[in-house]
Amino acid sequence: MAALLAVTSCRSAGPGQPAKTVDQFFRKYEGRSGFKVNDWSAGLTTRLLLMKVGSLGGENSVTQALSAVRSVKVLTFVPSSSSARQLVADGLNKEVDGLLASERYTPLPVTESGTAVLRYAARQQGDKVQEVVATGNVDGAPESFMLVAISGNFTQDQLQQLVKFLPKVKSEISK
């Protein structure tokens with residue numbers, strides 16, 4: 001009975017051993033069929049996002065938040081079969097929830113923008129936020145999975161600006 005429970009819990013956490021950190025999660029799924037990882041350095045990320053902010057009528061506080069970004073990683077998965085959809089529903093989301101809880105990320109309020117729903121969590125040390133993680137789905141693919149990890153050195157105000165800003169550029173960063 002215990003072995004059956006162990007096998008079931010591993011299966012519900014995605015294939016193989018569940019990742020213990022956000023970086024391990026990216027490494028685990030990078031290169032697997034159907035998964036796509038984009039990784040941007042601060043220089044490129046800042047330039048791309050600042051251009052997008054300008055086109056969205058961004059504020060100075062958003063620009064300050066973006067200037068604190070060190071890197072952005074995006075993992076997307078659009079399932080093409082019923083078993084792949086099951087992986088999203090039962091595996092990927094549970095695995096991310098488990099690793100965020102074990103790494104002591106603080107859940108933030110969920111945001112909805114149109115049909116997009118993003119769940120956020122932040123890891124901080126003292127009054128500074130080192131990483132913001134958003135999970136949701138790829139625009140136009142409701143049964144898909146997307147994980148965005150933004151590392152930097154943010155104040156609480158900058159964190160709030162990022163959370164407001166991300167839904168506006170979600171489709172751009174998942175490409």
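Buried means under 20% relative accessible area, exposed over 50%, and partly exposed in between, with a 1.4 Å probe and protein chains only. The model is predicted: local features need pLDDT of at least 70, side-chain atom pairs count only at pLDDT 80 or more, and totals for chains, interfaces and linings use all residues. Residues are numbered from 1 along each chain as its sequence is written, and side-chain values use heavy atoms, with hydrogens and water left out.

**Exercise 1. Place strand β2 among its partners.**

Step 1. Find the strand. Helices (H or I, at least four residues) and strands (E, at least two) are DSSP runs, numbered from the N terminus. Strand β2 covers residues 69-77.

Step 2. Look to one partner. Strands pair if DSSP finds at least two bridges between them. Strand β1 (residues 35-41) runs antiparallel to β2, joined by 7 bridges. Here asparagine 38 faces valine 74 of β2.

Step 3. Look to β6 (residues 145-154). It pairs with β2 over 8 bridges, again antiparallel. Valine 72 has isoleucine 150 of β6 as its bridge partner.

Step 4. Check burial. In β2, 7 of the 9 residues are buried, so the strand is largely enclosed by the rest of the structure.

**Exercise 2. Trace the ring pairs of phenylalanine 25.**

Step 1. Set the rule. Rings of Phe, Tyr and Trp (its six-membered ring) pair if their centres lie within 6.5 Å; planes under 30 degrees apart are stacked, over 60 edge-to-face, the rest tilted. The whole structure holds 4 aromatic pairs.

Step 2. Take tyrosine 29. Its ring and that of phenylalanine 25 are 4.8 Å apart, centre to centre, with 55° between the planes: a tilted pair. Both residues sit in helix α2 (residues 22-29), 4 residues apart, about one turn of the helix. Tyrosine 29 has 0% relative accessibility, so it counts as buried.

Step 3. Take phenylalanine 145. Its ring centre lies 6.0 Å from that of phenylalanine 25, and the planes meet at 50°, so this pair is tilted. It links distant parts of the chain, helix α2 and strand β6, 120 residues apart. Phenylalanine 25 and phenylalanine 145 are both buried.

Step 4. Join the rings. Phe25, Tyr29, Phe35, Phe77 and Phe145 form a cluster through ring pairs.

**Exercise 3. Describe the largest nonpolar core.**

Step 1. Define it. A nonpolar core is a set of buried Ala, Val, Leu, Ile, Met, Phe, Trp, Tyr and Cys residues joined through side-chain atoms within 4.5 Å.

Step 2. Count. The largest has 27 residues; Val72 and Ile150 are among those with the most contacts inside it. Its largest share, 6 residues, comes from α6.
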